[in-house]
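Trainee: Could you take one part of this model and go through its surroundings closely? I should like to see how the description leads on to the rest of the chain.

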Amino acid sequence: MSKLTKNQKVAVAKVEADKQYKLAEACALVKEITFTKFDASVDIAMRLGVDPRKANQMVRGVVTLPHGTGKQTRVLVLCTPDKENEAKEAGADFVGLDEYIEKIKGGWTDVDVIICTPSVMAKIGAVGRILGPRGLMPNPKTGTVTMEIGKAVKEVKAGKIDFKVDKQGIIHTSIGKVSFDSQKLYENAIEFINTVVRLKPQTLKGTYIKSISISSTMSPGINIDSKALNAAE
């Protein structure tokens, strides 16, 4: 195991491993313990008491973070010619159909989100095995299969993200950058947490949210007191 650097030792020392921090406190602390030379992402992980193998306990949704993620989201729109101008005017990075289907078949997936119209889903199905494992397959439930192409592109560019629980029962996503002030990180985190809470499966018995933690790239995780979220912070 590699030795900790001087900065990493400082970061670890500032985080009490057994302590559960209030969310606002954690959003301020994560900025203090990040020493990367680049603008690191701030991530949140929520461990849920669900069984993702059961269809009625699969937690999946979308959320628009009030302050965005701080990332430049590359959007590909697959559509017919009549929708191309709408997509371009909304800020899509790549717009087309057949030529991009062929590029994807060749292994190109250099985008973050793919949006399409319902009429082209049959063609996209041919590359589903490539897009699916990468989380890029358009889905009506997440708003990425729609006739309102311009609206969908603008929402994604503004900070709309798609999330779902993994096989271990964990939802993990980015809620901003270390360069964000702590209040913006807090507001993004609250929006995300509240969205997940609203998606609690009706069939679930027992504890829904088992744990929440926040970390930045290469920083220690900060455990959040989820019970304190029910009260105003």
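Mentor: Let us begin at threonine 69, which touches Ile161, Ser174, Gly176, Lys177 and Phe180, residues up to four places away in sequence being left out of this list; contact here means heavy atoms within 4.5 Å. The model is a predicted one, in which local features need pLDDT of at least 70 and side-chain atom pairs count only at pLDDT 80 or more, while totals for chains, interfaces and linings use all residues. Residues are numbered from 1 along each chain as its sequence is written, and side-chain values use heavy atoms, with hydrogens and water left out.

Threonine 69 belongs to the loop between strand 2 (60–64) and strand 3 (75–78); helices (H or I, at least four residues) and strands (E, at least two) are DSSP runs numbered from the N terminus. With a relative accessible area of 10%, threonine 69 is buried, a word that stands for under 20%, with exposed meaning over 50% and partly exposed in between (1.4 Å probe, protein chains only). Its side chain reaches the backbone nitrogen of lysine 71 at 3.2 Å. Such a polar contact is a pair of N or O atoms within 3.5 Å; within protein, one must be able to donate a hydrogen and the other to accept it, and residues adjacent in sequence count only if both atoms are side-chain atoms.

Phe180, one of the residues that threonine 69 touches, is also touched by asparagine 188, together with Leu65, Pro66, His67, Gly68 and Ile175, again not counting residues up to four places away in sequence. Asparagine 188 lies in helix 8 and, at 0% relative accessibility, counts as buried. A polar atom of its side chain lies 2.9 Å from the backbone oxygen of isoleucine 175. Asparagine 188 and threonine 64 are 124 residues apart in sequence, yet their C-alpha atoms are 8.7 Å apart in space.

Isoleucine 175 leads on to isoleucine 214, whose contacts beyond its neighbours within four places in sequence include Ile175, Leu23, Val30 and Ile222. Ile214, Leu48 and Phe192 are the residues with the most contacts inside the largest nonpolar core, which has 37 residues. A nonpolar core is a set of buried Ala, Val, Leu, Ile, Met, Phe, Trp, Tyr and Cys residues joined through side-chain atoms within 4.5 Å. Among the elements that each supply at least two residues of this core are helix 2 (23–32), strand 1 (41–48), strand 7 (170–177) and strand 8 (209–216). Helix 8 gives the largest share, 6 residues.

Apart from this core lies another, of 16 residues, among them Leu76, Leu78, Tyr100 and Ile101. Tyr100 and Ile101, with Ile104, are buried in helix 4. These three cover an arc of only 105 degrees around the axis, which puts them on the same side of helix 4; the arc is that of the directions from the helix axis to the C-beta atoms. The buried residues of helix 4 pack against strand 3, strand 4, strand 5, helix 5 (121–124) and helix 6 (128–131). Just after helix 4, glycine 107 takes a positive phi of about 110 degrees.

Tyr100 also forms one aromatic cluster with Phe94 and Trp108. Rings of Phe, Tyr and Trp (its six-membered ring) pair if their centres lie within 6.5 Å; planes under 30 degrees apart count as stacked, over 60 as edge-to-face and the rest as tilted. This rule gives 4 aromatic pairs. In one of them, the ring centres of phenylalanine 94 and tryptophan 108 are 5.3 Å apart and the planes stand at 85 degrees, so the pair is edge-to-face. Phenylalanine 94 lies in strand 4 (residues 94–96) and tryptophan 108 in the loop between helix 4 (98–105) and strand 5 (113–116), so the pair ties together parts 14 residues apart in sequence. The rings of tyrosine 100 and tryptophan 108 have centres 5.6 Å apart and planes at 40 degrees, so this pair is tilted. Tyrosine 100, at 12% relative accessible area, is buried, as is tryptophan 108 at 19%, whereas phenylalanine 94 counts as partly exposed at 24%.
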